[in-house]
Amino acid sequence: MNCFDNWKIRFLNIDGGDMPDEKYFAIKGCTSISEINIPRSVTTIATSVFQYCYSLRAINIPDGLTALSQYTFSGCYSLEKIFIPQTIRSLSTYVFQNCYSLRYVIFEGHISSIPNSCFTQCYSLKRIDLR
């Protein structure tokens, strides 16, 4: 259970600073959030922060972010498209696991590796662009 259970929050605007610790686990499992805006000042996101945000359709990943941790978007069933900025150099395991609606991923920069479990059970994934 998280502190946003039974709330009908649709949009989340994070107001700066990193997201490396447990205080952001309140977001995990917030099923009503459909859009999240992360500012450029964020360079770190903790494991599982947005996991099970079932209604999440859009997220702004800032240029300052350098990595995506394990399970970051796992279980975000409604996420259809994601843009990975050039500052992200690595992805951890299960970042997009169970993102059933994810169809399109765009990597703007150089990714050193993509773990084979990164897109586990992304049944709708049709296209990955490496630019």
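1. Let's start with Glu80, which counts as partly exposed because its relative accessibility is 36%. Keep in mind as you look around that this is a predicted model. Which residue does the side chain of Glu80 meet in a salt bridge? The partner is Arg57, with N and O 3.1 Å apart. Glu80 sits in the loop between β4 and β5 and Arg57 in the loop between β2 and β3, so this pair ties together parts that are 23 residues apart in sequence. Arg57 is partly exposed as well, at 49% relative accessibility.

2. That pair isn't alone: searching the whole structure turns up four salt bridges. One of them joins Arg40 to Asp63, and here the closest N and O atoms are 2.6 Å apart. Where do the two residues lie? Arg40 is in the loop between β2 (35-37) and β3 (58-60), while Asp63 is in the loop between β3 and β4, so parts 23 residues apart in sequence are tied together. Arg40 counts as exposed, with 59% relative accessibility, whereas Asp63 is partly exposed at 33%.

3. Another salt bridge to click on is between the side chains of Arg127 and Asp129, at 2.9 Å from N to O. Is Asp129 buried or exposed? Asp129 is buried, with a relative accessible area of 14%. Its partner Arg127 comes out as partly exposed, at 46%.

4. Next, have a look at Ser78, in the loop between β4 (67-68) and β5 (81-84). Ser78 counts as buried because its relative accessibility is 18%, and the cut-off for buried is under 20%. What does its side chain reach? It gets to the backbone oxygen of Tyr54, at 2.7 Å. Leaving out residues up to four places away in sequence, Ser78 touches Tyr54, Ser55, Leu56, Arg57 and Ser101. You've already met Arg57 as the salt-bridge partner of Glu80.

5. Now for the aromatic rings. How many aromatic pairs does a search of the whole structure find? There are eight of them. Take Tyr71 and Tyr94: their rings are stacked, 5.3 Å centre to centre with 10 degrees between the planes. This pair links distant parts of the chain, with Tyr71 in the loop between β4 and β5 and Tyr94 in the loop between β6 (90-91) and β7 (104-107), 23 residues apart. Tyr71 is partly exposed at 25% relative accessible area, and Tyr94 is partly exposed at 28%.

6. Then try Phe73 and Phe96, a stacked pair with centres 5.6 Å apart and 10 degrees between the planes. Here too the pair links distant parts of the chain: Phe73 is in the loop between β4 and β5, Phe96 is in the loop between β6 and β7, and they are 23 residues apart. Are these two buried or exposed? Phe73 is buried, with 0% relative accessible area, and Phe96 is buried at 0% too.

7. There's also a cluster of tyrosines worth displaying. Ring pairs link Tyr52, Tyr54, Tyr77, Tyr100 and Tyr123. Tyr54 should ring a bell: its backbone oxygen is the one that the side chain of Ser78 reaches.

8. On to the inside. In soluble globular proteins, nonpolar side chains tend to be buried together. The largest nonpolar core in this model has 33 residues. Which residues have the most contacts inside it? They are Phe50, Leu68, Phe73, Ile82, Ile84, Phe96 and Leu102. The elements giving two or more residues to this core are β5 and β7. Phe96 makes a good place to zoom in: not counting residues up to four places away in sequence, its contacts include Leu68, Phe73, Ile82, Ile84 and Leu102. It also touches Cys118 and Cys122, among others.

9. Last, the cysteines. A disulfide is a covalent bond between the sulfur atoms of two cysteines. How many disulfides does the count come to? Zero. The sulfur of Cys30 has its closest cysteine sulfur in Cys53, 6.0 Å away, which is too far for a bond; the cut-off is 2.5 Å. Cys53 is in no disulfide either, and its nearest cysteine sulfur, in Cys76, is 5.3 Å away. Both Cys30, at 1% relative accessibility, and Cys53, at 0%, are buried.

Methods: Residues numbered from 1 in each chain as written. Predicted model: local features only at pLDDT ≥ 70, side-chain atom pairs only at ≥ 80, totals over all residues. Heavy atoms only, no water. Buried < 20%, exposed > 50% of the residue type's maximum accessible area, 1.4 Å probe, protein only. Helix = DSSP H or I, 4+ residues; strand = E, 2+ residues; numbered from the N terminus. Polar contact = N/O pair within 3.5 Å; in protein donor to acceptor, adjacent residues only side chain to side chain. Contact = heavy atoms within 4.5 Å. Phe/Tyr/Trp six-rings, centres within 6.5 Å; stacked < 30°, edge-to-face > 60°. Core = buried A, V, L, I, M, F, W, Y, C linked by side-chain atoms within 4.5 Å.
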